Structure formats: C-alpha cells, structure tokens
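Me: I'm just starting out with protein structures, and I'd like a close look at one part of this one. Could you walk me through the second largest pocket, and then show me what lies elsewhere in the model?

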Amino acid sequence: MRATSFRSAVTDQYHSKYNYTMTPAMLRARKPYFWRNTVSLFVLGGISLSVYVYTYSFLMKDDFEDIPIPPISDEDLAKLKKEYEANKLKDAALKDK
Amino acid sequence: MDPPASPDDPTPENRFHPWDSSPSADLRTRAATIRAKAKCPVSSKDIEYTCPISGIPTHHSREDWEKDTGYHQTKKYEVLKKVNIYEHDLRSGRPFPEFDFPTVQHPDNLVNMTNWDTFLYTRNFYSMDTEFQLAAVTKMLSYPMTIASILHQFSPYFMKPKGPITLEGLKSLAALRYTLYPEYRTSTLKDRPMRIFILGARAESQLPGHIWKQLGYLFPHSEFELHFIGPECLYDREKRQYSYNARPVVQRIDEKLAFVYHTEYFHTLHEAQDFFPYDPYLDVFFLFHPGLSSQEAMPLWHKSIPGLLDSKCALFITGYHQEDIDRDYNWLMENYIEDLDVLCERIPNLFGSTKWELNDLNPHEVFQFNQQLFGVRGKRYHAINQG
C-alpha cells in the first residue's frame, strides 16, 4: 500500500510524467466544472481588467496643468546649463579614456 | 511528444478476442456454456453464431443475427464487446497499479462524491486513464462506495425535488449521520460501533479487508461492524466451498472495522433475537442485488422482509439493471406497501460498477453490479395526541 500522500502528490500523479499534461482521469474529474470555471475566469478577470482600463484612461486625461512649476530666473538657468554642459564634457572625456 | 505505447496498455483493439478462440481457458468455457445452455432470441434454437463485432456467441446463424433488429438498433453489440474486452483485460497479466489504494484522507481535503471520476481524483487514487482500469477497480469499490455515498454528509443524493431522497429518507439518513459525525453532537454518548448488515452476501463478503477499509477512511471518527448474513457469506478457500458455522465468525480488520459472518438466514437470526435491540441511529441494512422477486429466493425473502421492516432501520437495495430493480421494487410494493415508507426512489447508482457483465444463460442480458438503487424502511407510527 502506498504511503499517505497529500495534495502535492496529487498533482504529480495526475500529470503525465513525460510532458506534464493533465491525465485523462484528471480531465474527466474536472469536466463537470469546466464551463462554470471558465465563466468565473472571465467574470473575475473582467473585474480586474476593467479596473486597470478605467485607471489608465482616467490618468491619461491628466495634463498636470494644476501643478505649479517653480519660477526660475534667467541667471540661474544659465548657471545650471553651464554646469550641465561641463558635466557632459567630463563624462565624455572619462569614456574616451 | 507522447511516449511510445506499451504493449501492456489496454486498448479495445489489443484486448479483443472472440471468446471461442480466447487465450484464456475460462472464457472458452464460458463460450461453451453459452452455446450449450442459451437459446437464440430470434429462432429459439441453439446458439451457434458468434457476433463478429462483440466476439461473443449470440445467435443461431448469421441470418438470425441480421434479422435481430433490436440487437442492432440498441447497439447491444457494443456493450457485449465491452464485456469481452474487460474480461480479457483482467486476464491479460498486465500490471495493475490501480489496485494500490490510498490510505488516510487528509482532513483538509474534502472528498467529492459527484461521480467516480471526482471521487477517485479527490481521494488520490491512481490516475485511471482508461475504461479498463476503471472497470477493474469500480467493480470492487462499488460495494463500500455505494454504502458510503448514501451515508456520507456530502452524499450526492439530494432530497426531492432536487434528488431521489424522500422526507422519510432524510429522517433515516439524519439519524445515521448523527452517529457518524460525533463532532456535531451535543451528547458524547457512544455505546457501540455502527452495524452495517449485508444480507444474502456473496461476492461482497469475499472482498479483501483493504477494499472495505476505504469505507472507514471516509468516516474517520466512526467504528463499523460489517455483518455478512446468509449461507453463502463464508467461503472456505482451502475446501473451495461455502462453510457453515452455528456461531458468528468474527474477523477484526483494524481497531475501527470488524467483519462478522453469520451463515444463517436473516429470519432465523431475527427470530432468535441475535441482533436485538435494533437502533435506527446505529444500524443500516444493505441488500446487494437480492433478487427479491426471483422464484428461488422469494419464499425466503417473504420470511426475512417482515423482520427487516420491523427493525425500522433503513434498508437499501441495489439491482443489476433497470428491469431487475423494477421487479424487486414492484414486488415489495405489492406485498408490503402498507408497512413501508420509501426512503429513496429508484435511481441509477452513481457508484455502481462500470464493468459490464453478461448472463451466460442469456448473453443478451447484460448488467453491471449495483447499477440501480432504491431504499425503504418499515413505517414508523407517530404518537397521536388523544386530547
């Protein structure tokens, strides 16, 4: 007699050991539930999918108009630009080495 | 992708042999029995022609075989072919890993008793991929599973109108389940094991202990005594005959299951009050294809049935096929309608054997063990308030 085996062993026994597909016995056991399971898959999947779609479409409408961009003077801008260019040159020089 | 087929794998093609030229000697003997004893249904002559589709001798000649329109319309040859290939498969000598039965059921894993497939899957039996493996296993498991599927709290038989169980049936089953599920009980009283009486036991009393233990694994909190009753319940394998014992023979399988063999008829034991007191909470009767209305058995059943109904315990009866169960049901209703309540209407048993068999005396009569089922009980009279 086979030793006590719980759920994990079930999955092994009811899958083909060659290609891990479900055995005919398992397909027969699942048959009474196939259509109801499929409908549930679409219902539950549909709920989460519609939440994603709604969120995505809602967020895409936002153009961030209401967020104030902090004012910056021309001097500061020129200074930042200069720093940026310098850094870029430095990086390029390092890469060449 | 798929592995190469092993010659051991049973298929309808490699298990098919005409019974007359079968590789197995006992099937050749059975073919000879059919030829010697059965009659052709068309011409009523001796059977001399073997049906080419089923491989079983069925008719007197080819003309009779062609003339038998009922035989071809109902596709009986397909059922007969199944009889043929299942018998050859059992004698093929292939390995039988499906007889490696599971043991204890994890309490978190519920057993689904919708049908054989869901039961075998949830109980974690060997994956039975072909009809041959199912036929071999269900023929034996049919006896304990017929009992378990009726008594279990997740029984597939529902109350009317969703199922076959009547209100009286629900009362009886509720009483039995009260015993079987002590965790739902307020009182801890437990005085003795549950007794399951099996009357007219033949094949079922010879099933090995580990088959009946499958019943125990489904009711882990209960103790059972299986009482096999009848002159054919105790088979002596050494002497190759049924043995008689004036006293019951007890065989203990484990701490939860015991077999008790009574080699007398039920009415003798009932009159001697051997089983008293009966308790509808603790006792249940099963009659596996009793043939209540058959000529030989009827006088004996006329003696036993009043005792069974007197006990007020549930009584479940199975039959080989629709006609058989109708005969038994009608016979009971004709003779005892005043004294009994129907617990369960006639239905195809969900846990009948899937292996087809045939009657050697009439190869056109095909049947399966425990194919049909119904239940009755002696009428209980309620106290009337006289005011």
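Reply: Let's start with the lining of the second largest pocket, which is made by 29 residues. Of these, B:R202, B:P290, B:G291, B:S294 and B:A297 lie nearest the centre of the pocket. Please keep in mind that this is a predicted model. The volume of the second largest pocket is about 780 Å³.

Which parts of chain B supply at least two residues each to this lining? They are α9 (266-271), α10, α11 (322-336) and β13. Of the elements, α10(B) has the largest share, with three residues. Sorted by class, the lining has 14 nonpolar residues, nine polar ones and six charged ones.

Now look at B:L292, which sits in the loop between β9 and α10 (298-310) of chain B. Is B:L292 buried or exposed? B:L292 counts as buried because its relative accessibility is 0%, and the cut-off for buried is under 20%. Along the sequence, B:L292 and B:L332 are 40 residues apart, yet their C-alpha atoms are 7.9 Å apart in space.

The strand β9 leads us to charged pairs. Side chains of opposite charge can pair when their charged atoms come close. Over all chains, the count comes to 28 salt bridges. One of them joins B:D283 to B:R195, with 2.8 Å between the closest N and O atoms. This pair links distant parts of the chain, 88 residues apart: B:D283 belongs to strand β9 (residues 283-287) of chain B, and B:R195 to strand β3 (residues 194-199) of chain B. Both partners, B:D283 and B:R195, are buried.

A salt bridge also forms between the side chains of B:D341 and B:R377, at 3.3 Å from N to O. Here, too, distant parts of the chain are linked: B:D341 is in strand β11 (residues 340-348) of chain B, while B:R377 is in strand β14 (residues 372-378) of chain B, 36 residues apart. Both B:D341 and B:R377 are buried.

Next comes the salt bridge between B:R30 and B:D360, whose closest N and O atoms are 2.9 Å apart. How many residues apart are B:R30 and B:D360? The answer is 330 residues. You will find B:R30 in helix α1 (residues 25-37) of chain B, and B:D360 in the loop between β12 (357-359) and β13 (362-367) of chain B. Both B:R30 and B:D360 are buried.

These two residues also belong to one network, in which salt bridges that share partners join B:D26, B:R30, B:E87, B:R91, B:K139, B:K355, B:E357 and B:D360. On your screen, you could begin at B:R30 and look for the other members of this network, including B:E87 and B:K139.

Let's turn from the open pocket to enclosed spaces. The count comes to two cavities of 30 Å³ or more. About 40 Å³ of space lies in the second largest cavity. Its lining is drawn from both chains: A:Y14, A:A25 and A:R28 from chain A, and B:D117, B:L120, B:Y121 and B:M128 from chain B. The elements giving two or more residues to this lining are α2 (24-30) of chain A and α5 (116-122) of chain B. The most comes from α5(B), with three residues. By class, the lining of the second largest cavity has five nonpolar residues, two charged ones and no polar ones.

That cavity brings us to chain A. What does the secondary structure of chain A consist of? Chain A has four helices and zero strands, giving the pattern α-α-α-α along the sequence. Of the 97 residues in chain A, 8% count as buried. The chain exposes about 9100 Å², and carbon and sulfur atoms supply 66% of that area.

One place to look on the outside of chain A is a nonpolar surface patch of about 470 Å², made by A:V39, A:V43, A:L44, A:I47 and A:V51. Within this patch, A:L44 lies in helix α3 (residues 34-60) of chain A. Why does A:L44 count as exposed? Its relative accessible area is 57%, and exposed means over 50%. So you have now met a leucine of each kind: B:L292 is buried at 0% relative accessibility, whereas A:L44 is exposed at 57%.

Definitions and conventions: Residues are numbered from 1 along each chain as its sequence is written. Chains are lettered from A and ligands numbered from 1 in the order in which they are written. This is a predicted model: local features need pLDDT of at least 70, side-chain atom pairs count only at pLDDT 80 or more; totals for chains, interfaces and linings use all residues. Side-chain values use heavy atoms; hydrogens and water are left out. On a 1 Å grid over the protein atoms alone, a cavity is a set of points where a 1.4 Å probe fits but cannot get out, and a pocket is an open set with protein on both sides within 12 Å along at least five of seven lines; lining residues have an atom within 4 Å of a point. Grid points are joined across faces, edges and corners, and a volume is the space filled by probe spheres set on the points. Ala, Val, Leu, Ile, Met, Phe, Trp, Tyr, Cys and Pro count as nonpolar, Asp, Glu, Lys and Arg as charged, and the others, Gly among them, as polar. Patches are made of residues with over 30% relative accessible area and no salt bridge: like charges are joined within 9 Å, nonpolar side chains (Val, Leu, Ile, Met, Phe, Trp, Tyr) within 5 Å. Accessible areas come from the Shrake-Rupley method with a 1.4 Å probe; for residues, only the protein chains shown count as cover. A salt bridge is a side-chain nitrogen of Lys or Arg within 4 Å of a carboxyl oxygen of Asp or Glu. Buried means under 20% relative accessible area, exposed over 50%, partly exposed in between (1.4 Å probe, protein chains only).
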